[in-house]
Amino acid sequence: METKELLHLISEDSRGSFDMFYNLYYEQVFRFSFYFLKDREACREVVQDVFFSVWQSRKKLIDIQNIETYLYVAVRNEANRFLAARNNLKYVSLEDLPVQLEKPDEDSSPEDDLITREMEELLTQAVNELPAKCRTIFLMAREEGMKPKQIAEILAINESTVRVQMKIAIEKIVTALKPYFPNLTLLALLARLF
C-alpha cells in the first residue's frame, strides 16, 4: 500500500491503517529521536507522543507533502520539549552511538573485516568527538541518508549551514583517522562513509 493511500485511510479514522503506519515508521522515528536524547526510555516517550500527535491530527494528514520530513520535524520539536522539561537543553550527547562504514562483503577476507571493524571503532570515536550540531547533521546525512535541504528544513537552519557543518565533520573525521590509516585518501573514506 502506498503511503498516500495509507494516510488517506488514517484520515478517515482507520485504526488498522494507523497501526500499519506506526509499524512502518516506528524504528526510523525512534532512531532519529535517539540522536537528540540518547536515552531509550526518553525516546520511547517522545516517539509515543509523536505518534499520538499524528493520530490526533489525522484529518490533516492528507495535506502533508512529505510524511518523513513531517515526522522528523515532529520528533525534533518533541525532543526539544522533552529536554526543556528536564532543563537539559545545553547538553545533548550522542556518545556510544555506533557508526557502521558499510554492509559487510561476503567475499571479504578476515584481514579486511578486522580493518573495517577497527576503522568503525575509530570512526565512532571521531563522530562522538564532533560538536553536537555537527554530529547531528553528520548522522542525519550518513545514517538517515538525508540531503542537506531536508536536514536544513528539519533543524530549521540554513542549507549552507548544513553544508559547512558536513565539511567540518568530514575534515575532523579524516584528521582523526589519518594517523591510523595514513594511506587512506579522502575519496576512499567518503566511499566508505556514504
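**Figure 1. The surface and overall make-up of the protein chain.** In this predicted model, the protein chain exposes about 11500 Å², and carbon and sulfur atoms supply 51% of that area. Turning from the surface to the inside, 42% of the 194 residues count as buried. The chain has nine helices and zero strands, so its pattern along the sequence is simple to read: α-α-α-α-α-α-α-α-α. Contacts also link distant parts of the sequence: among those between residues at least 6 apart, 68% join residues at least 24 apart.

**Figure 2. The largest nonpolar core and its contributors.** Welcome to the inside of the model. The largest nonpolar core holds 54 residues, and F21, F32 and L37 touch the most other members. Which elements give two or more residues to this core? They are α1 (3–11), α2, α3 (40–56), α4, α5 (110–128), α6, α7 and α8. Helix α2 gives the most, with ten residues.

**Figure 3. A close look at F21.** F21 is one of the three core residues that touch the most other members. Setting aside residues up to four places away in sequence, F21 touches L6, L7 and I10. Further along the numbering, F21 also touches F51, V54, I67 and L71. Among these partners, L6 can be found by following the chain to its sixth residue, as numbering starts from 1.

**Figure 4. Y72 and its neighbours.** Y72 sits in helix α4. Is Y72 buried or exposed? With a relative accessibility of 5%, Y72 counts as buried, because the cut-off for buried is under 20%. Leaving aside neighbours within four places in sequence, Y72 is in contact with Q28, F32, E144, M146, Q150 and I154. One of these partners, F32, is 40 residues from Y72 in sequence, yet their C-alpha atoms are 7.3 Å apart in space.

**Figure 5. Helix α7 and the helices around it.** Helix α7 covers residues 148–155. Which of its residues are buried? They are Q150, I151, A152, I154 and L155. Two of them, Q150 and I154, are also contact partners of Y72. The buried residues of α7 pack against α2 (15–37), α4 (67–85), α6 (132–142) and α8 (159–177). Just after α7 comes A156, with a positive phi of about 55°.

**Figure 6. Q165 in helix α8.** Another buried residue to visit is Q165, which lies in helix α8. Its relative accessibility is 16%, and because buried means under 20%, Q165 counts as buried. Not counting residues up to four places away in sequence, Q165 touches K133, C134 and I137.

**Figure 7. Two loop residues with positive phi.** Most residues other than glycine have a negative phi. What is the phi of D13? The value is near 70°, which is positive in a residue other than glycine. D13 is placed in the loop between α1 and α2, and D13 is partly exposed, with a relative accessible area of 38%. K38 is not a glycine either, and has a positive phi of about 50°. The loop that holds K38 runs between α2 and α3. K38 is partly exposed as well, with a relative accessible area of 28%.

How values were computed:
This is a predicted model: local features need pLDDT of at least 70, side-chain atom pairs count only at pLDDT 80 or more; totals for chains, interfaces and linings use all residues. Side-chain values use heavy atoms; hydrogens and water are left out. Buried means under 20% relative accessible area, exposed over 50%, partly exposed in between (1.4 Å probe, protein chains only). Helices (H or I, at least four residues) and strands (E, at least two) are DSSP runs, numbered from the N terminus. Contact means heavy atoms within 4.5 Å. A nonpolar core is a set of buried Ala, Val, Leu, Ile, Met, Phe, Trp, Tyr and Cys residues joined through side-chain atoms within 4.5 Å. Accessible areas come from the Shrake-Rupley method with a 1.4 Å probe; for residues, only the protein chains shown count as cover.
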